[in-house]
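Subject: The structure I promised you

Hello,

Here is the structure we talked about, ready for you to open alongside this message. My notes on what turned up follow below it.

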Amino acid sequence: MKKAFNSIIKWYLNPKTPKWVILRRRWRFKMLICVSFSSLLFAFFIVLLRNLYSPQVNDVHFLTINNKIKIDVEIVETNKDKAKGLGGRDVLNDDQGMLFVYDNPDYYTFWMKGMRFDIDFLWINNKKIVDITENVSHLDEQRIYSSREPVDRILEVNAGFIRKNNIKIGDEINTN
């Protein structure tokens with residue numbers, strides 16, 4: 001190994017080598033280092049951005065409405081996750097939803113910032129649906145949505161889910 005290294009050094013620093021060749025070798029070496037460093041830096045930022053902007057999967061649970069309709073729900077409890085909600089996602093399966101859980105009943109507000117598809121809201125208090133907002137357009141990012149009564153949970157599902165499953169105010173919600 002030492003012999004190979006010494007032969008490379010002798011070749012690189014050969015006194016018979018013209019100065020312009022040595023300068024070209026140095027420039028190539030510097031370019032190799034710059035390209036390698038830039039590639040590593042680029043890869044690092046790609047991984048960082050992917051982790052920052054990819055949807056985070058929270059705990060998935062089942063929710064039933066009137067003990068008939070079963071939905072896989074992603075439960076959202078942190079303020080950061082509540083602020084993002086379904087924003088940035090491309091789709092939500094027909095049997096899936098996002099459940100926002102709050103400690104105290106209140107008038108919580110929602111908007112459609114970053115949404116890419118229409119949704120329905122089920123406003124829930126004490127395991128009963130107290131209000132319904134249907135077919136909320138993802139194109140209207142300025143409008144604020146809230147329930148008519150204080151709620152402790154809000155379920156977001158695909159637009160048309162409420163009508164398709166004949167869900168009404170007063171229906172009972174159970175979680176596992």
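Let me start at a turn: in the hairpin of E5 and E6, where 2 residues lie between the strands, asparagine 126 has a positive phi near 50°. Please keep in mind throughout that this is a predicted model.

Lysine 127 belongs to the loop between E5 and E6 as well. Although lysine 127 is not a glycine, its phi is positive too, at about 65°. As general background, most residues other than glycine have a negative phi. Lysine 127 has a relative accessibility of 49%, so it counts as partly exposed.

Elsewhere, asparagine 166 is another residue other than glycine with a positive phi, here near 55°. You will find asparagine 166 in the loop between helix H4 (161–164) and strand E9 (173–175). With a relative accessible area of 52%, asparagine 166 is exposed.

The overall plan

The protein has 4 helices and 9 strands. Read from the N terminus, the order of its elements is α-α-β-β-α-β-β-β-β-β-β-α-β. The protein has 176 residues, and 32% of them count as buried.

Strand E5 and its neighbours

How much of E5 is buried? The strand is mostly covered, with 7 of its 7 residues buried. On one side these are Ile119, Phe121, Trp123 and Asn125, and on the other Asp120, Leu122 and Ile124, so both faces of E5 are covered.

Which strands pair with E5? One is strand E6 (residues 128–136), which is antiparallel to E5 and joined to it by 6 bridges. Within that pairing, isoleucine 119 has valine 136 in E6 as its bridge partner, while leucine 122 is matched with isoleucine 132. The other is strand E8 (residues 151–158), also antiparallel to E5 and also joined by 6 bridges. There, isoleucine 124 stands opposite arginine 153 in E8.

Aromatic rings

A search of the whole structure gives 7 aromatic pairs. In one of them, the rings of phenylalanine 110 and phenylalanine 121 have centres 5.5 Å apart and planes at 55°, so this pair counts as tilted. Phenylalanine 110 is in strand E4 (residues 109–110) and phenylalanine 121 in strand E5 (residues 119–125), so to speak a link between distant parts of the chain, 11 residues apart. Both of these phenylalanines, 110 and 121, are buried.

Phenylalanine 110 also pairs with tryptophan 123, this time edge-to-face, at 5.7 Å centre to centre and with 75° between the planes. Here too distant parts of the chain are linked, with phenylalanine 110 in E4 and tryptophan 123 in E5, 13 residues apart. Why do these two residues count as buried? Phenylalanine 110 has a relative accessibility of 7% and tryptophan 123 one of 0%, and buried means under 20%.

If you colour these rings on your screen, add a few others: ring pairs join Phe100, Phe110, Phe121, Trp123 and Tyr145 into a cluster.

Two lysines also sit over aromatic rings. The charged end of lysine 70 is placed over the ring of phenylalanine 62, 4.2 Å from the ring's centre. Lysine 82 lies over the face of tyrosine 102, at 3.8 Å from the ring centre.

A pocket to look at

Lysine 82 and phenylalanine 110 come up again in the second largest pocket, where Lys82, Ala83, Phe100, Phe110 and Trp111 are the lining residues nearest the centre. This pocket has a volume of about 180 Å³, and its lining is made up of 15 residues.

Which elements each supply at least two residues of that lining? They are helix H3 (79–84), strand E3 (96–106) and E4. H3 gives the most, with 4 residues. By type, the lining of the second largest pocket divides into 7 nonpolar, 4 polar and 4 charged residues.

When you have the model open, the hairpin of E5 and E6 is a good place to begin, with asparagine 126 and its positive phi. From there you can follow E5 to the ring of tryptophan 123, and then across to phenylalanine 110 in E4.

Happy browsing, and best wishes

Technical notes
Residues numbered from 1 in each chain as written. Predicted model: local features only at pLDDT ≥ 70, side-chain atom pairs only at ≥ 80, totals over all residues. Heavy atoms only, no water. Phe/Tyr/Trp six-rings, centres within 6.5 Å; stacked < 30°, edge-to-face > 60°. Buried < 20%, exposed > 50% of the residue type's maximum accessible area, 1.4 Å probe, protein only. Lys NZ or Arg CZ within 6 Å of the ring centre and 35° of its normal. Pairing = 2+ DSSP bridges. 1 Å grid on protein atoms, 1.4 Å probe; cavity = no way out; pocket = protein on both sides within 12 Å on 5 of 7 lines; lining within 4 Å. Points joined across faces, edges and corners; volume = space filled by probe spheres on them. Nonpolar A, V, L, I, M, F, W, Y, C, P; charged D, E, K, R; others polar.
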